[in-house]
Amino acid sequence: MNRFTFASVTDISTAIAELDEHDTPKYIAGGTNLLDLMKVNVEKPDHLIDISNLAFNQLEELPDGGLRLGALITNAETAWNKQVKTRYPLLSKAILSGASAQLRNMATNGGNLLQRTRCYYFYDTATPCNKREPGSGCSAIKGYNRIHAILGASEDCIATHPSDMCVALAALDAVVNVTGRDGDRSIPFANFHRLPGDRPDLDNTLGAGEIITSVDLPPNNFAQHFEYLKVRDRASYAFALVSVAVALEMDGNIMTKARIALGGVAHKPWRNTEAENLLTNQVAVMENFKKVADAITKDALGYGDNSFKIELAKRAVIRALMQAAGLEVQS
Amino acid sequence: MITTNYIGQPVNRVDGRAKVTGQAKYAAEFNVVSGITYGFVVSSPVTKGKITAVNTRQALSQKGVLQVFTHENVSGLAWFDRSYKDQDAPKDGSPFRPFQNNEIQFSLQPIALVVAETYELARYAASLIHFEYEVDDQLVVGLEQNLDKARKPKSYKVPVTKPRGDANEAFEQSAIKHHGDYYHGSEHHNPMEMHATTVIYGDDDKLTIYDKTQGVQNSQSYVKKIFGLSDDQARVISPFVGGAFGSGLRPQYQLFMAVLASLELKRSVKVVLTRQQMFSFGHRPATLQKVIIGASADGKLQSIINKAYTETSQFEEYTENIVNWSGYLYHCENVDFDHQIVSQDVYTPLDMRAPGGVTGVYAIECAVDETAYKAGIDPLEFRMMNYAEKDLNDDLPFSSRELMQCYLQGAERFGWRKRNPEVRSMREGHNLIGWGVATGAWEAQQMPVRAKAKLSADGKLTVSTATSDIGTGTYTSMTQVAAETLGLPIEDVLFKLGDSAMPLAPLQGGSWTAASVGSAVKLVCEDIRSKLFSMARKVDNSPFANADTDDVIFDSGKIISKSNPQVYLTVSEIMHQSGVNVIEEDTTSLPNMLKQKQYSRYTHSAVFVEVKVDEDLGTVHVTRVVSAVAGGRIINPKTARSQVLGGVVWGISQALQEDTILDNNIGRFMNHDLAEYHIPVNADIKDIEVIFVEEHDDIVNPLGVKGLGEIGIVGVAAAISNAVYHATGKRVRDLPIQLNKLM
């Protein structure tokens, strides 16, 4: 860990101004990921700006019936919030399947969106990694890649985004509100994280110095038929090999609306709206679920150790849909 | 009724309060002097090659950085290999010597130690050292990829059992034939406490060394030989150990480094490894076993052949007892075993809980299970049909062997008789349910131990020996033995350990501590008892003037007449009236080799497991375990149960989760932290029941104790593998059984 200076700020303009005075500054809130990365010299900020005292800690009703989650509310507060639990139970379930109680108590919503990949090579400065050191190469493609991507990867990077919360947010069509030097803007969740392409060093589309202020959850009718299924190597406290967030709107046994997002399979929470639409106005039966599972994994590509994820993703999608539709008991 | 009868009682841990209140100090927690300095180890990013240049200028220019040690500035230390050999070093080879030269022999090899006034500064300065390397990319890594390089070692830690009968011919003649290759990869110990050493520097190079170790005298002799120190100059202390599992059987490099830095700088130094660095030294070796079994149509074992291949480093020949278990567990007249090693560019493997046993029993217990299915016989019945009435490996009778009772009592508790023999016959929703069984065994050994005891006139007893307590409950069980032997209230007994200045004790390992240290504690307390009794006979108007030891009991701090409990003398009365302040004894307890060598001495278990396997997703959950253990006399059923529980949990871990993954391109363990090196969390662990089967044994040692450190883990991975087969019909012969192997 390198030496760094530290400042705590109470307003956003100071937070942004602090950036200009240092070479490699970083914002810090919960720090649950950043500190780990600093300890292994992956992140080497010369200055930390503690933003945890900024005012982004409200949970507000939106005029359209949605809910706004402040970026600095912790994951635990969000998951256990009554409004979230009743109106967006998918989000609660996803958050609670991640990390540990201790980490969820520290980690913030904004930070959850910004957590970095758990690729072994990204964490180990002894090995080449294009995400950590652009141009150095990808060790995972020909190395050990059990936890890596099967969708949307590039020859430069096959890392995955590790969040559970974000998979639910992707399914819920959340909107990320940010602020920065050029003022406020809102980013649809699908456009917030990016695919690696030839710039795997960029995880998302935040501009330089931009801060997440909140995440908006639009109103929906998914609270009855949902599932977050997380498949992993132990029962708790492990990242997803594959996870699936399913949200359905049902009329009898007809699905009037269906959303499916996958975690653990790509550089971002994976949505395939074309595939989802196969379910619209269809009967909730296994046959239809299989079709959509095939469609989602159609272009999936394995790299050896992770090739099993293609079949696993299909089965997980089917299981999650069965459970969301009430055809199987929820796990 | 005797009130100070403690052996066999579930006494609470005497050190429990100190541990849960943070008063128990571990190696890195001794901040007994101001001005202590901190060392941070730099680990090699390269697996194999040479360091061609080192630039420490930037690191040394930081205010507060005291020194950077590398191969360039460390010299003048002991030259011969024997100086670096410790009590657990493999017989053949050259132990790793930090900073010996510029050669890099394994990934994460320690190549520098930065010492600074604060830990943070040392860690930061470590990142400022610039190394240049000449990388050798002709790596030899991966056991299965390098079987062509397999060879016999110069010697084995435990000799491979000689062939008996004609195993090949018997196999050919067998009606039922099975062969299977069983594999597990490397596994790392990862105790909760990272390896650490705090050296307190005293005048004239007198060092007090707080080390994480399973043997303070092993650490002491290691640093004495290398640095040319006297006993006085190198006192090693380790009162508490936060788990070790074998990782503390050999002195680790932080000990060498902390002592080196302390002597060079004439300062106190603390060196603590990071979790990532816990993957930089010994580990359970990746092992492949090719097992062949022949049985008659009616299920009698005719032939067992096991050829094992294990990894070792390029510089030491590590072996463990893997194949002999295949010839020990059952009655089989024809066996043939072989064990070869493959040198690789990794650190030397190291004993890890039930070394060899856990590996060897895994393979034979899966293979026997497979043979039972082929014979169409219930796997438990098959085991009982082939029960060994004597140890055919050594042609010796057993000192005791209540394994049959383990099978019977374990089966009864588990409900084995309700088992449907068909595979895939039990189901609950999308979960397939399977029941499996396996046998476990481990040696019951006794080592020489010396112990000292001191009884003072106030009736307080102190007993000490240089053993350790790695969490097993040694403090507690030894206190019980001492209190009962002398008939003292347990509160009046203090048992001390973990100081090299104490009487000689071996490493804490091999499950021999309770048996060996317990025998020494008993013996030294008996000596005190004799002295006390002869004093009691001589006091004025002694009621015991003409009494014999058989006429009295020692209880509640008194010597009491058996015939009339109203007649007694207290310990204090005896000592005061004799004008004696302290009775001191110092005794060495030696195993009765003449008697012991006529018998085969082992502890046994039968492990019953229920698993649920998600048919679609392949996830496995162990929902129920019954472990029935025959371990001789149980000193403390509470700590004993904890030992076995911990072993079972680790068995679950080994079966389903643990695997250190080597990237064969770069020869580096990639999941070198606890985020990706998986061990069970609470949610993975359900019902575990431990049964101690009654077993009497007056041959193993005077206490009749067999030791429980390893037996809990042995057999668990096999029982789980067998249960997974029963659930799914799939045989997975390489561990861990991760979900992709079952999809």
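**Exercise 1. Find how far apart the C-alpha centres of domain 2 and domain 3 of chain B lie in this predicted model, and describe how these two domains meet.**

Step 1. In this predicted model, the C-alpha centres of domain 2 of chain B and domain 3 of chain B lie 37 Å apart. To locate the two domains along the chain, note that domain 2 is made of residues 31-137 + 191-274, while domain 3 is made of residues 283-445 + 597-741.

Step 2. Turning to the contact itself, 22 residues of domain 2 of chain B touch 16 residues of domain 3 of chain B. Together the two domains bury about 1,700 Å², and carbon and sulfur atoms give 55% of that area. On the side of domain 2 of chain B, the three residues B:Q105, B:F106 and B:F245 supply 27% of the area buried against domain 3 of chain B, more than any other three residues.

Step 3. Between domain 2 of chain B and domain 3 of chain B there are two salt bridges. B:K48 and B:D345 meet through their side chains in a salt bridge with an N to O distance of 3.2 Å, which satisfies the cut-off because a salt bridge requires these atoms to be within 4 Å. Nine residue pairs, both at pLDDT 80 or more, are in polar contact between the two domains, and the side of domain 2 of chain B that touches domain 3 of chain B has nine nonpolar, nine polar and four charged residues.

**Exercise 2. Describe the interface between chain B and chain A, from its residues to its salt bridges.**

Step 1. Begin with the residues: chain B brings 35 residues to the contact, and chain A brings 36 residues. The two chains bury about 3,000 Å² between them, with 59% of it on carbon and sulfur atoms. Of the area that chain B buries against chain A, 19% is supplied by B:L617, B:M670 and B:M743, more than by any other three residues.

Step 2. Three salt bridges are counted between chain B and chain A. One of them joins A:D124 to B:R668, whose closest N and O atoms are 2.6 Å apart. There are also 13 residue pairs in polar contact across this interface, both residues being at pLDDT 80 or more.

Step 3. Sorted by class, the side of chain B that touches chain A has 14 nonpolar, 13 polar and eight charged residues.

**Exercise 3. State how far apart the centres of domain 1 and domain 2 of chain A are.**

Step 1. In chain A, domain 1 covers residues 5-53 and domain 2 covers residues 225-324.

Step 2. Taken over C-alpha atoms, the centres of these two domains of chain A are separated by 36 Å.

Key
Residues are numbered from 1 along each chain as its sequence is written. Chains are lettered from A and ligands numbered from 1 in the order in which they are written. This is a predicted model: local features need pLDDT of at least 70, side-chain atom pairs count only at pLDDT 80 or more; totals for chains, interfaces and linings use all residues. Side-chain values use heavy atoms; hydrogens and water are left out. Contact means heavy atoms within 4.5 Å. Buried area is the accessible area (1.4 Å probe) that two parts lose on being put together, summed over both. A polar contact is a pair of N or O atoms within 3.5 Å; within protein, one must be able to donate a hydrogen and the other to accept it, and residues adjacent in sequence count only if both atoms are side-chain atoms. Ala, Val, Leu, Ile, Met, Phe, Trp, Tyr, Cys and Pro count as nonpolar, Asp, Glu, Lys and Arg as charged, and the others, Gly among them, as polar. Domain bounds come from an automatic or database domain assignment.
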